[in-house]
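Here are a couple of exercises to work through with the model open. Try each one before you read the solution.

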Amino acid sequence: MNNYEEIFRYINEKGIDFKKDEPMRLHTSFKIGGPARLFLNVESKKQLIEILNIINNESINFFIIGNGSNLLVGDKGIDGIIIKLSGEFNDIRLVSEDVIECGAAVPLSRLCMFAAKNHLSGLEFAFGIPGTVGGAVFMNAGAYDGEMKNVVEQVYHVEKDSCSEGMFKRNELYMSYRSSIYQKSNDIITKVVFKLKKDNYECIKGKMDDFLYRRKLKQPLEYPNAGSIFKRPNGNFAAALIDECGLKGKSIGGAKVSEKHSGFIINTGCASCEDVINLINLIKDIVLTKYGVLLEREVRIIGNIN
Ligand SMILES: Cc1cc2nc3c(=O)[nH]c(=O)nc-3n(C[C@H](O)[C@H](O)[C@H](O)COP(=O)(O)OP(=O)(O)OC[C@H]3O[C@@H](n4cnc5c(N)ncnc54)[C@H](O)[C@@H]3O)c2cc1C
């Protein structure tokens, strides 16, 4: 039996914002997910370290979320603690003429606008990706030939087990297609330093607007979703394979392969996590049988599935 007494003592003493049995559908872009036993808004690095110490001592499960835009949460919820960064993790500042330091909780679109207003180019690709800076580094988010890998200089974190502070430089991050060292270490990203290039505001903003326009045109943004469900297979496109298998519009329960973009699964209103997983498995089976391509899931699944 997990011991939450110490955690409650600490969060009450510090006045930390918390919710019990918080529905995770309120915190994911898929609008799917059962209750998290405890949901914490952590506002400072000091609080984060103190909470992690208690979590480790009491052997409680925990999971860090950003904006929940790459997450599928189990229908039975999460028997553990969800940590969401806020407060000082939302700080953003220009440290030199082409370097930005940014808290992990900052939404990517805010970072992109900040960069543009400071005449800094390199982050245009990220405008419209609905994640936070922490989630984007964790995933090495990318689009339109850009990726976080190209602009991240340093990443600061708190180590999950030792609760000590650490930092990785660019060459220590092992960022590759939708992957970074943090997917192995599970340390908590607190702050990211970006090195960008000076350019003209109109040019930067023009690219950002163009990328956003293309997203609105091609993606089913009118429905809850979690972006591309699958990674891009070598030399192929998941959406094209799904399309060619005749799966566009295929649905299971409330989960449906988008008619606008076959790489997306949408929640038509009442999809469960189970519906989405069943649809993912069906797509994988059919694509593997027809084309011999094993699709790999990009969306991360957490919590109790059944
Ligand atoms: C409409 C739509 C369009 C999208 N388009 C794109 C796209 O073009 N390109 C792309 O790459 N992705 C895209 N995505 C997916 C998603 O937005 C990205 O993967 C994004 O980087 C996830 O960030 P997040 O803050 O929402 O992370 P979450 O979904 O909250 O979490 C994702 C993972 O990151 C980890 N994480 C989050 N914050 C931290 C932290 N501070 N420290 C350590 N780990 C952390 C979580 O534990 C989790 O494992 C899209 C999603 C949607 C809904």
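**Exercise 1.** At roughly what angle do the axes of helix 1 and helix 2 cross?

*Solution.* A quick note before we start: this is a predicted model, where local features need pLDDT of at least 70, side-chain atom pairs count only at pLDDT 80 or more, and totals for chains, interfaces and linings use all residues. Residues are numbered from 1 along each chain as its sequence is written.

Step 1: find helix 1 at residues 5-14 and helix 2 at residues 45-57 (helices are DSSP runs of H or I, at least four residues, numbered from the N terminus).

Step 2: take the axes, lines fitted to C-alpha atoms over the stretch in contact, with angles from 0 to 180 degrees between N-to-C directions. They come within 9 Å and cross at roughly 160°.

Step 3: the two helices are therefore roughly antiparallel (a label for angles over 145 degrees).

**Exercise 2.** Work out which residues of helix 1 and helix 2 meet.

*Solution.* Step 1: on helix 1, pick out Glu 6, Ile 7, Tyr 10 and Lys 14. Step 2: across from them, helix 2 brings Gln 47, Glu 50, Ile 51 and Ile 54 (contact puts C-beta atoms, placed from the backbone, within 7 Å). Step 3: sort the lot, and you get four nonpolar, one polar and three charged residues (Ala, Val, Leu, Ile, Met, Phe, Trp, Tyr, Cys and Pro are nonpolar, Asp, Glu, Lys and Arg charged, and the others, Gly among them, polar).

Key: Parallel < 35°, antiparallel > 145°, perpendicular 65-115°, else oblique. Contact = placed C-beta atoms within 7 Å.
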